[in-house]
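Me: I am new to this structure and would like a guided look at it. Could you show it to me, please?

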Amino acid sequence: MDNIELNPFEKFTNQWALVTAGTKEKFNSMTIGWGTMGTLWKLPVITIFIRPGRYTMEFIEKSDYFTVAFFDAKYKKALGIMGTKSGRDTDKVKLSQLTPKFLENGITYEEASETYVCKKIYCEKMNKDKFPELAKIFYEHEKEQEAHFLITGEVIKV
């Protein structure tokens with residue numbers, strides 16, 4: 001991990017990512033645009049944010065590991081499919097034409113330019129009553145006003 005060169009302030013903003021959790025037999029992925037990278041408890045971590053109603057959240061809750069995979073811009077259409085279709089009733093992997101790649105502790109895609117394998121170390125629903133005004137205004141304009149889960153994973157492999 002010492003050789004990774006990136007700007008953590010632009011990674012999630014300028015590149016969409018897929019978060020994936022589950023098993024080889026049954027998994028789900030979704031596009032995310034919110035995330036942080038840094039250090040917590042002397043561990044390299046990624047923190048992601050997912051709404052409670054998202055199908056992927058069910059897999060995150062049941063899994064010890066999840067992956068965060070970044071893609072080149074040419075995959076924006078595929079990531080659009082992965083972010084707007086539900087895996088509950090659609091084979092969005094087939095629709096996106098992405099190729100699952102099964103790792104020892106997670107699932108990514110052959111087309112990903114970079115994948116972070118994370119061991120889940122913290123997961124909690126955020127409390128909107130503690131949000132700053134900027135965040136409260138954001139949620140007022142959202143269709144779903146339920147707060148996201150905050151999920152932190154120790155990065156164990158890149």
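Reply: One definition will help at the start: two strands count as paired if DSSP finds at least two bridges between them. Please also keep in mind that this is a predicted model.

Me: Fine. Which residue of E7 stands opposite Leu103?

Reply: Leu103 stands opposite Gly106 of E7. Strand E6 covers residues 100–103 and strand E7 residues 106–109, and they pair in the antiparallel sense over four bridges.

Me: And what joins E6 to E7?

Reply: The connection is a hairpin, which passes from E6 to E7 through two residues.

Me: Now the sheet with seven strands. In what order do they come?

Reply: The order is E2-E1-E5-E8-E9-E4-E3, in an open sheet with antiparallel pairing. Strands E2 (27–32) and E3 (35–40) are at the edges; each has a single partner strand, so one side of each has no neighbour in the sheet. From one strand to the next, the twist averages 35°.

Me: How many bridges link E8 and E9?

Reply: Eight bridges link strand E8 (residues 114–125) to strand E9 (residues 149–157), in the antiparallel sense. Among the residues involved, Glu124 has Leu150 in E9 as its bridge partner.

Me: Let us turn to the helices. Which strands does H2 lie across?

Reply: Helix H2, residues 55–62, lies across E1 (17–22), E2, E4 (43–50), E5 (65–70), E8 and E9. Its direction is at about 120° to E2. Helix H3 (residues 76–84) also packs on the sheet, where it touches E1 and E2 and makes an angle of about 110° with E2.

Me: Which residues of H2 are buried?

Reply: They are Tyr55, Thr56, Met57, Phe59 and Ile60. The buried residues of H2 pack against E1, E2, E4, E5, E8 and E9.

Me: Why does Thr56 count as buried?

Reply: Thr56 counts as buried because its relative accessibility is 1%, and the cut-off for buried is under 20%.

Me: What does Thr56 touch?

Reply: Leaving aside residues up to four places away in sequence, Thr56 touches Val19, Asn28, Ser29 and Met30.

Me: A change of topic: where is Asp91 found?

Reply: Asp91 is in the loop between H3 and helix H4 (92–96). Asp91 is partly exposed, with a relative accessible area of 47%. The side chain of Asp91 reaches the backbone nitrogen of Lys94 at 3.1 Å.

Me: What separates the C-alpha atoms of Asp91 and Asn28?

Reply: A distance of 9.7 Å separates those two C-alpha atoms, while Asp91 and Asn28 are 63 residues apart along the chain.

Technical notes. Residues numbered from 1 in each chain as written. Predicted model: local features only at pLDDT ≥ 70, side-chain atom pairs only at ≥ 80, totals over all residues. Heavy atoms only, no water. Axes fitted to C-alpha atoms, helices over the stretch in contact; angles between N-to-C directions. Contact = heavy atoms within 4.5 Å. Buried < 20%, exposed > 50% of the residue type's maximum accessible area, 1.4 Å probe, protein only. Polar contact = N/O pair within 3.5 Å; in protein donor to acceptor, adjacent residues only side chain to side chain.
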